[in-house]
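Subject: Structure for your review

Dear colleague,

Please find below the structure that I am handing over to you. I should be grateful if you would read the notes after it with the model open.

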Amino acid sequence: MDPVFHWTLRLGLALVLGTSGLFKLRNLEGFRRSLANYRLLPPSLEGTAALLVPVLELGVAILILSPVYPLGITLFLLLIALFSGAILWGLRQGGGFSCGCLGDVEEPLSPWLLLRNALLALLGALAYLGSEPRSLGFLDALSVLMGGLFFLLAYLTASLFLANWGRMEEVRR
């Protein structure tokens with residue numbers, strides 16, 4: 001794989017995960033409430049988990065950009081599987097609450113979140129392929145930066161679209 005595409009994938013995944021972690025850290029109590037809605041943990045562990053999850057997300061984001069990126073990608077895929085399992089569990093329990101994916105952004109549980117996570121997992125798996133050896137020039141680095149930012153903005157746009165889908169349905173009626 002071309003190193004520009006490879007680095008763009010890695011940067012995009014790291015930005016998505018890092019942004020998600022920062023949003024959660026910004027409002028730990030709100031994220032703790034989101035975790036509580038899933039009813040997967042005893043209440044005594046919710047506060048610890050609310051801190052641990054975003055710290056893990058930030059750590060994995062750093063690993064994805066480091067020389068040990070295969071470990072970072074592996075942990076990313078494990079986190080995506082864990083988050084998808086929680087979303088599926090929440091949907092099977094009737095949903096009706098925010099997923100907590102972006103902290104205090106009210107993004108209701110829906111099957112679309114599972115599709116989004118599957119796409120992220122596919123892109124993560126592609127990052128495992130590595131890249132062919134060649135040095136990156138200035139324009140390559142600029143392309144990686146712009147591609148990574150586009151990746152993040154596409155993720156945030158999809159998340160905000162899903163967060164507002166119910167409101168758009170109400171407006172249409």
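The notes below cover the nonpolar cores, two helix pairs and one asparagine.

This is a predicted model, in which local features need pLDDT of at least 70 and side-chain atom pairs count only at pLDDT 80 or more, while totals for chains, interfaces and linings use all residues. Residues are numbered from 1 along each chain as its sequence is written, and side-chain values use heavy atoms, with hydrogens and water left out.

The largest nonpolar core (buried Ala, Val, Leu, Ile, Met, Phe, Trp, Tyr and Cys residues joined through side-chain atoms within 4.5 Å) has 32 residues, and L13, I64, F76 and L120 touch the most other members. Buried here means under 20% relative accessible area, with a 1.4 Å probe and protein chains only. At least two residues of this core come from each of α1 (3-26), α3 (43-64), α4 (69-92), α5 (111-127) and α6 (138-172); helices are DSSP runs of H or I, at least four residues long, numbered from the N terminus. The largest share, seven residues, is supplied by α4. Another core, of five residues, lies apart from it and includes F31, L35, A50 and V53.

Leaving aside neighbours within four places in sequence, L13 is in contact (heavy atoms within 4.5 Å) with I64, I73, F76, L120, L123, G124, A127 and F151.

Turning to the helix pairs, the axes of α1 and α3 (lines fitted to C-alpha atoms over the stretch in contact, with angles from 0 to 180 degrees between N-to-C directions) come within 8 Å and cross at roughly 160°. The two helices α1 and α3 are therefore roughly antiparallel (over 145 degrees) to each other. On the α1 side, the residues in contact include R10, L13, A14 and L17, and on the α3 side they include E57, L58, A61 and I64. By class, this contact has twelve nonpolar, three polar and three charged residues.

For α3 and α4, the axes are 7 Å apart and the packing angle is about 145°. In this pair, V53, E57, V60, L63 and I64 of α3 meet a set of α4 residues that includes Y69, I73, F76 and F83. The contact of α3 with α4 has eleven nonpolar, one polar and one charged residues.

Finally, N117 lies in helix α5 and is buried, with a relative accessible area of 5%. Not counting residues up to four places away in sequence, N117 touches I80, F83, S84 and I87.

With kind regards

Key: Buried means under 20% relative accessible area, exposed over 50%, partly exposed in between (1.4 Å probe, protein chains only). Ala, Val, Leu, Ile, Met, Phe, Trp, Tyr, Cys and Pro count as nonpolar, Asp, Glu, Lys and Arg as charged, and the others, Gly among them, as polar. Angles under 35 degrees count as roughly parallel, over 145 as roughly antiparallel, 65 to 115 as roughly perpendicular and the rest as oblique.
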